[in-house]
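Good morning, colleagues. I would ask you to look at the chain on the screen before I describe its overall make-up and one group of strands.

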Amino acid sequence: MTHMFKTPSEIKEPLISRIRAGLIMMGSATKAELSQRLGISFPTISKFLVQMENDGEVLCTGNDDSSGGRPAKRYTYDPEYMLGLAIFIEKNETNYSIFNCVGEIKEQGIKPSVLQQDALQLGDLIESLIEKYPKLRSIAIGVPGAVDNLGKIIFIPPYQHFLDYDLKEEFESRFQIPVVVENDMNASVLGYASNFELENESLVYLYFGQYGPGSGIMINGDVVRGSTFFSGEISFVPLYDHQSFGKALRLEESNEEVVLAADKQIDALARLIATFTAILNPRAVVFCNDEVDEAFLSKLGKLSSTYIPQKHLPTLVLSDRNQDYLAGLQQLALHVMITDCC
């Protein structure tokens, strides 16, 4: 039998989350403005604002001008009440960002890679950051592999010691802080859309270096993860009779930078662009600005038009993957911070 009744704490938490999100989004508000915006009764808003003000989560910034009656108090959310951590692990380094609940960066840094070691080293880094920032209330971790909805890594070919590792459970148990784990390209496409304030758009984000090709896919504003959370593993796409996209690309590295120059590679990419166009019809395909340049995209666009009508092709654009990656993880951590923290 389904449990039909909610405890007081189960009722309270969503309301606090909605008030928290409303105040952060609005910047400041009176009780009446929050009540109208959120569709929550004035007495309920008043009750929770008193509690949140007593806890130091909400600040009263003064009174509005009176229109004849008692002036209304104006409230704002204390941006330093909670902090979040976005961290992603790469082949050669580990990037992290500490930010407050309105997204302002408190600290960014780069540490040695933990992929050659194990999750314990990553845990030690997180622990040191929590000790430095005791107000950390959420963590978003980006990994170069497929991740299921429970936070377990289910595909990460170069680093088999991380396969089937449940980072979410491991670190939530250790730190008692909500954790979200996400694939690198899913986080990157989310961050790109957020940085450019793109809503309800369809995008594809491509990356070729370090671990082989991968992509993040967004359809009408939602990141596509797939039924088994394997979406975006484009190296397996069979573009030729006897070659997958990954094998056709055959990437070389020079001074840690990916080299894309051969006609065969450009043809493989053009076929992939045409495939994405025919199936998803995205607005844009995003490339990393440290892997290709505008001249390359121009050549790629012309070749792609030989496979599919030009008017249907997406715009090919460049972006900073590290910035987008951290922005996507930050957005995920902010969501967890607002909804899962009491």
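I shall begin with the basis of the model, then turn to the whole chain, and then to the strands.

This is a predicted model, in which local features need pLDDT of at least 70 and side-chain atom pairs count only at pLDDT 80 or more, whereas totals for chains, interfaces and linings use all residues. Residues are numbered from 1 along each chain as its sequence is written, and side-chain values use heavy atoms, with hydrogens and water left out.

The protein chain contains 10 helices and 17 strands; these are DSSP runs numbered from the N terminus, helices being H or I of at least four residues and strands E of at least two. The C-alpha trace spans about 75 × 50 × 45 Å along its principal axes. Of the 342 residues, 50% are buried, meaning under 20% relative accessible area with a 1.4 Å probe, protein chains only. Contacts are heavy atoms within 4.5 Å; among those between residues at least 6 apart in sequence, 61% join residues at least 24 apart.

Let me turn to strand 16, residues 284–288. How many of its five residues are buried? Five of the five are. On one side lie Ala 284, Val 286 and Cys 288, and on the other Val 285 and Phe 287, so to speak of its faces is to speak of two covered ones.

What are the partners of this strand? Two strands pair if DSSP finds at least two bridges between them. Strand 17, residues 315–319, runs parallel to strand 16 and is joined to it by five bridges, with Cys 288 standing opposite Ser 319. Between these two strands the chain passes through helix 9, residues 294–304, in a right-handed β-α-β crossover: with the strands pointing away from the viewer, the path from the first strand over the helix to the second runs clockwise.

Strand 11, residues 203–207, also pairs with strand 16 in the parallel sense, over three bridges. Here Val 204 has Val 285 as its bridge partner. Strand 11 is largely enclosed by the rest of the structure, because five of its five residues are buried. Leu 203, Tyr 205 and Tyr 207 point one way, and Val 204 and Leu 206 the other.

Finally, strand 11 pairs with strand 12, residues 214–219, in the antiparallel sense over five bridges, and Leu 206 stands opposite Ser 215. The two strands form a hairpin with six residues between them, and Gln 210 in the turn has a positive phi of about 70°.
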